[in-house]
Amino acid sequence: MNKKRTLILTGIALLLIAVIVGVVLNQPYKFHGFIVPPVQHDNHVFLRTQDGPMNLTTYHDKYVLLYFGYTYCPDVCPTSLAKLKTALAELTDKQRKQVQVIFVSVDPDRDTLEKLNEYAKLFGTDFIGATGTRTEIDLVTESLGVEYKINPPDENGNYSVDHSANTYVIDPMGYLVMMWSHDTLAEEIAEDLTYLIETGIPVDQQLLAGPTPTSVICSLTLIPEFVESGQGLYEHNCAQCHGVDLGGIPGWRTPLADGSHLAPPLGISSVIWQKTEAELIETIKQGKNLNKPIHMPAFESTLSDEEINSILQYIYSKWSINQKNYYAGNLTQTPMFSPAPTSTPTP
Ligand code: HEC
């Protein structure tokens with residue numbers, strides 16, 4: 001009797017542990033930085049570096065980490081830059097190549113381009129030092145909401161500059177997406193960066209960041225049930241060519257001799273978000289380059305409309321908000337296919 005009770009209790013305890021572990025494992029990644037509603041800065045603004053003019057589109061395809069300060073800065077700037085250096089050292093070489101640190105001086109009167117370059121390189125051989133005229137600097141700081149103030153000089157002409165100590169993250173599409181405060185630790189920055197590079201900011205967290213400047217995100221309503229069943233369908237039907245992580249086959253950009261392509265990525269690095277949803281459905285149903293050895297097979301007879309819809313929902317759920325905002329103009333307002341959702345996700 002006693003033995004039986006112990007067994008039952010042990011069973012219950014194990015079950016509880018399993019539930020707790022399940023809950024913990026299912027927790028979405030929590031960023032240490034603040035996710036901001038995506039803000040696109042003015043791409044026409046140029047800043048100056050020792051190697052010539054640059055603007056943020058120069059670093060298209062990379063995450064740009066921007067820090068605003070000045071080289072006379074006694075402690076905050078060196079600590080922040082050193083922290084970025086430590087954080088980057090925790091990334092793999094491949095991830096590291098997808099990040100560019102730019103130190104922008106808001107004190108161009110004292111920071112020459114040469115001095116800035118030297119200063120930035122103290123922290124990382126590929127860190128960039130940049131500045132501009134007052135107008136150029138203000139265009140950048142204003143478009144990103146960065147604040148600074150040049151204090152009046154003392155009797156010796158020395159002055160200090162107050163400036164925000166945040167690090168600003170511009171995503172590969174040129175949107176400000178995240179900010180790390182001065183208190184964020186190097187390990188935390190490394191974790192966030194790894195997640196950003198490998199996954200991007202998941203939809204639900206982007207939505208939590210508040211209303212976006214473009215309201216279109218609301219037209220892309222992801223239905224959790226569809227996303228979930230879409231994942232299973234994707235893994236079963238598409239992953240063997242497009243990759244479990246939707247990463248595609250390396251080298252997919254280069255056309256093969258017969259004009260066909262290897263399977264492209266469908267996730268965050270995809271180019272298919274430039275197509276309309278109707279075109280994607282058409283490709284999935286009819287296939288592409290069917291007469292060539294490497295081709296996209298037709299799924300018309302194997303997948304129902306609803307299943308294709310679910311797969312697309314799963315694919316969209318992996319995109320960054322910027323891709324979605326761009327794409328939403330091409331999307332239908334409601335899910336393509338019936339049935340209507342039973343539960344509406346909170347926007
Ligand atoms: C047997 C391998 C294979 C499978 C399985 C496969 N694909 Fe493809 N897919 C390809 C190839 C190869 C291409 C590139 C065709 C080309 O451009 O020549 C492609 C292209 C695409 C494109 C891009 C078309 C464009 O115009 O850019 C989409 C979207 C796509 N596939 C979605 C899917 C989905 C969704 C599934 C699962 C239902 C799937 N694929 C399953 C091989 C595959």
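## Loop residues, iron site and nonpolar cores

Leu-246 sits in the loop between H9 and H10, where helices (H or I, at least four residues) are DSSP runs numbered from the N terminus. The model is predicted, so local features need pLDDT of at least 70 and side-chain atom pairs count only at pLDDT 80 or more, while totals for chains, interfaces and linings use all residues. Residues are numbered from 1 along each chain as its sequence is written, and side-chain values use heavy atoms, leaving out hydrogens and water.

Most residues other than glycine have a negative phi. The table lists two with a positive value. Buried means under 20% relative accessible area, exposed over 50%, and partly exposed in between (1.4 Å probe, protein chains only).

| Residue | Phi | Loop | Relative accessibility |
|---|---|---|---|
| Leu-246 | about 65° | between H9 and H10 | 2%, buried |
| Asn-289 | near 55° | between H10 and H11 | 28%, partly exposed |

The iron atom of the ligand is coordinated by His-242 (NE2) and Met-296 (SD) at 2.0 to 2.1 Å; donors are N, O and S atoms within 2.8 Å of the metal (3.2 Å for Na, K and Ca). His-242 lies in helix H9 (residues 239–242) and Met-296 in the loop between H10 (277–286) and H11 (305–317), so the pair ties together parts 54 residues apart in sequence. His-242 is buried, at 10% relative accessibility.

The largest nonpolar core (buried Ala, Val, Leu, Ile, Met, Phe, Trp, Tyr and Cys residues joined through side-chain atoms within 4.5 Å) has 57 residues, of which Leu-66, Phe-68, Ile-102 and Met-178 touch the most other members. A second, separate core of 20 residues includes Tyr-234, Ala-239, Leu-312 and Tyr-316.
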